[in-house]
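Colleague: I would like to go through the metal sites and some helix contacts of this model. Please show the structure before we start.

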There are 2 protein chains.
Amino acid sequence: MISHAEENYLKAIFKISEKEAKAASTNAIAAELQTTAASVTDMLKRLAEKNLIAYEKYRGVELSGEGNRLATALIRKHRLWEVFLVEKLGFAWDEVHDLAEQLEHVQGDDLVDRLDNFLGHPKFDPHGDPIPDAQGRWAFRPQSLLATLKPGDRGVVTGVDDHSAAFLQYLDQLGLTLGAQLELIERIPYDQSLRIRTQDGREITLSEKVGHNLFVKI
Amino acid sequence: MISHAEENYLKAIFKISEKEAKAASTNAIAAELQTTAASVTDMLKRLAEKNLIAYEKYRGVELSGEGNRLATALIRKHRLWEVFLVEKLGFAWDEVHDLAEQLEHVQGDDLVDRLDNFLGHPKFDPHGDPIPDAQGRWAFRPQSLLATLKPGDRGVVTGVDDHSAAFLQYLDQLGLTLGAQLELIERIPYDQSLRIRTQDGREITLSEKVGHNLFVKI
DNA sequence: AATAATTTTTAGACTTGCCTAAAAATATTT
DNA sequence: AAATATTTTTAGGCAAGTCTAAAAATTATT
Ligand SMILES: [Mn+2]
Ligand SMILES: [Mn+2]
Ligand SMILES: [Mn+2]
Ligand SMILES: [Mn+2]
């Protein structure tokens, strides 16, 4: 059996490895889980003992095959519950993460697969993140950071890199939710601000920071 | 804050008090939660400290106002999730209890009320048990144990007292699910067995035990 | 290469929740 | 009322998971 805490560590290691493409460090894991390096070391020993990670002292960790399988299943559950909360219960996309963080730990034979079926096998969650299927396969969808567009390029909002409520609410306010169309008018040389035109013809200026946290499909 | 374990104790005390109408004993709580009397005593001290129960050594416990409120909210969550699992995900009524046992602990502002709304404000769960509303008010529906009917009485199945999978599956097999109509033909004097006629004209003999675990509305 | 800075691990302690065995209190029987 | 049986509490201990402070290892700088 695997505890909630262990599951959370596996997911954290998965996410770090996804970005960094090298062994996850103790400090990175501590930051991701908002805990201390000492607690992380304790847990890494336990996870290594269970063969869920490959752990070398001072060298960071990588998930084992089984660890990877478990982390993927957890992410699948998390994202499916987020879809449920938004599509069926009417929550906003900035309200669902903490609830999904709890729901992902519910254990049950075909609960996830039945949920998946009920939701119509969604491929992406409310933040545009891909949902692995029952076999752990990931959907792929080409997308670029808004910051990489060139003036004149048109795109559709497909996801976010920053998942904070503050950012998501700001996007709501701007009308830049998933599926929103936009066109890059120009990039201001002084501070890399981005002037864009929205579907309904409004012109908006976005900071460089926004440009680096918003994904669009060209 | 209140832990999962504490919530489970409050619910257990509520259920015992509901049946017995007097202070719940340490042993009764231990039996309900399948734990030891010593563990129960430990927890009762903690709950008393938090003013969730009135606890007198050797005299059993009763829920405080706040304890009652929390236990009611927990039962509401448990039963609403059971409705979701059966109505929306297509689980059988004998498969949902353990899942609801986990889902009831998910904490979130209006999660329960949104779920309630999504489900259309059901008043009873898949086992016929009443679901308290957001204010903690219980629906009442008059019903009698099948064993109390007299020959010639007709009734509709409205609930079960025994919630075990074995009993629920047996009822499925007999076609005696919620809403099924039946008529008591006779009670066998020798062993109090009950001969009944179902909607579709079948004659079935049920043990005294079944008669004491099946609720019907006359 | 030596020193300084940073990262990681160890040591020791705390909380929650559980357990078994023994002692104390209460209830039942004789 | 005394003896016996049952229930409940206490005592002591264990595992998971967390923390702070200190030690050890690694990395960066001079
Ligand atoms: Mn999330
Ligand atoms: Mn998400
Ligand atoms: Mn149940
Ligand atoms: Mn139920």
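Colleague: Does B:H127 count as buried or exposed?
Modeller: This is a predicted model, and the value is computed from it. Buried means under 20% relative accessible area. B:H127 has 3% relative accessibility, so B:H127 counts as buried.

Colleague: Which residues coordinate the manganese ion (ligand 4)?
Modeller: In sequence the donor residues are spaced E-x42-D-x1-H. Their distances to the manganese ion (ligand 4) are 2.1 to 2.3 Å. The donors are OE of B:E82, OD of B:D125 and ND1 of B:H127.

Colleague: How many residues apart are B:E82 and B:H127, the pair at the manganese ion (ligand 4) that links distant parts of the chain?
Modeller: The manganese ion (ligand 4) has both B:E82 and B:H127 among its donors. B:E82 is in helix α4 (residues 65-88) of chain B, while B:H127 is in the loop between α6 (111-118) and β3 (144-145) of chain B. The pair is 45 residues apart.

Colleague: Which residues coordinate the manganese ion (ligand 3)?
Modeller: The spacing of the donors along the chain is H-x3-E-x14-H. They lie at 2.0 to 2.2 Å from the manganese ion (ligand 3). The donors are NE2 of B:H78, OE of B:E82 and ND1 of B:H97. B:E82 lies in helix α4 of chain B and B:H97 in helix α5 (residues 97-103) of chain B, so this pair ties together parts 15 residues apart in sequence. Named once more, the residues are B:H78, B:E82 and B:H97.

Colleague: Which residue coordinates both the manganese ion (ligand 3) and the manganese ion (ligand 4)?
Modeller: The two ions are 3.5 Å apart. The residue that coordinates both is buried, with a relative accessible area of 1%. That residue is B:E82.

Colleague: What is the relative accessible area of B:H97?
Modeller: B:H97 is a donor to the manganese ion (ligand 3) through ND1. Partly exposed lies between the cut-offs of 20% and 50%. B:H97 is partly exposed, with a relative accessible area of 35%.

Colleague: What is the hand of the crossing of α4(B) and α6(B)?
Modeller: The two helices pack at an angle of about 40°, with their axes 10 Å apart. That angle makes α4(B) oblique to α6(B). The crossing of α4(B) and α6(B) is left-handed.

Colleague: How many charged residues does the contact of α4(B) with α6(B) have?
Modeller: On α4(B), the residues in contact include B:R76, B:K77 and B:K88, and on α6(B) they include B:D113 and B:D116. By class, the contact has 7 nonpolar residues, no polar ones, and charged residues numbering 5.

Colleague: Are α2(A) and α3(A) roughly perpendicular or roughly parallel?
Modeller: Helix α2 (residues 26-33) and helix α3 (residues 37-49) of chain A pack with their axes 8 Å apart, at an angle of about 110°. Angles of 65 to 115 degrees count as roughly perpendicular. Therefore α2(A) and α3(A) are roughly perpendicular.

Colleague: How many polar residues does the contact of α2(A) with α3(A) have?
Modeller: A:T26, A:N27, A:I29 and A:A30 in α2(A) meet A:A37, A:V40, A:T41 and A:L44 in α3(A). By class there are 5 nonpolar residues and no charged ones, and the polar residues number 3.

Methods
Residues are numbered from 1 along each chain as its sequence is written. Chains are lettered from A and ligands numbered from 1 in the order in which they are written. This is a predicted model: local features need pLDDT of at least 70, side-chain atom pairs count only at pLDDT 80 or more; totals for chains, interfaces and linings use all residues. Side-chain values use heavy atoms; hydrogens and water are left out. Donors are N, O and S atoms within 2.8 Å of the metal (3.2 Å for Na, K and Ca); water is not among the atoms, so sites may look incomplete. Helices (H or I, at least four residues) and strands (E, at least two) are DSSP runs, numbered from the N terminus. Buried means under 20% relative accessible area, exposed over 50%, partly exposed in between (1.4 Å probe, protein chains only). Axes are lines fitted to C-alpha atoms, for helices over the stretch in contact, and angles run from 0 to 180 degrees between N-to-C directions. Angles under 35 degrees count as roughly parallel, over 145 as roughly antiparallel, 65 to 115 as roughly perpendicular and the rest as oblique. A crossing is left-handed if the near helix is turned anticlockwise from the far one by less than a right angle, and right-handed if clockwise. Contact means heavy atoms within 4.5 Å. Ala, Val, Leu, Ile, Met, Phe, Trp, Tyr, Cys and Pro count as nonpolar, Asp, Glu, Lys and Arg as charged, and the others, Gly among them, as polar.
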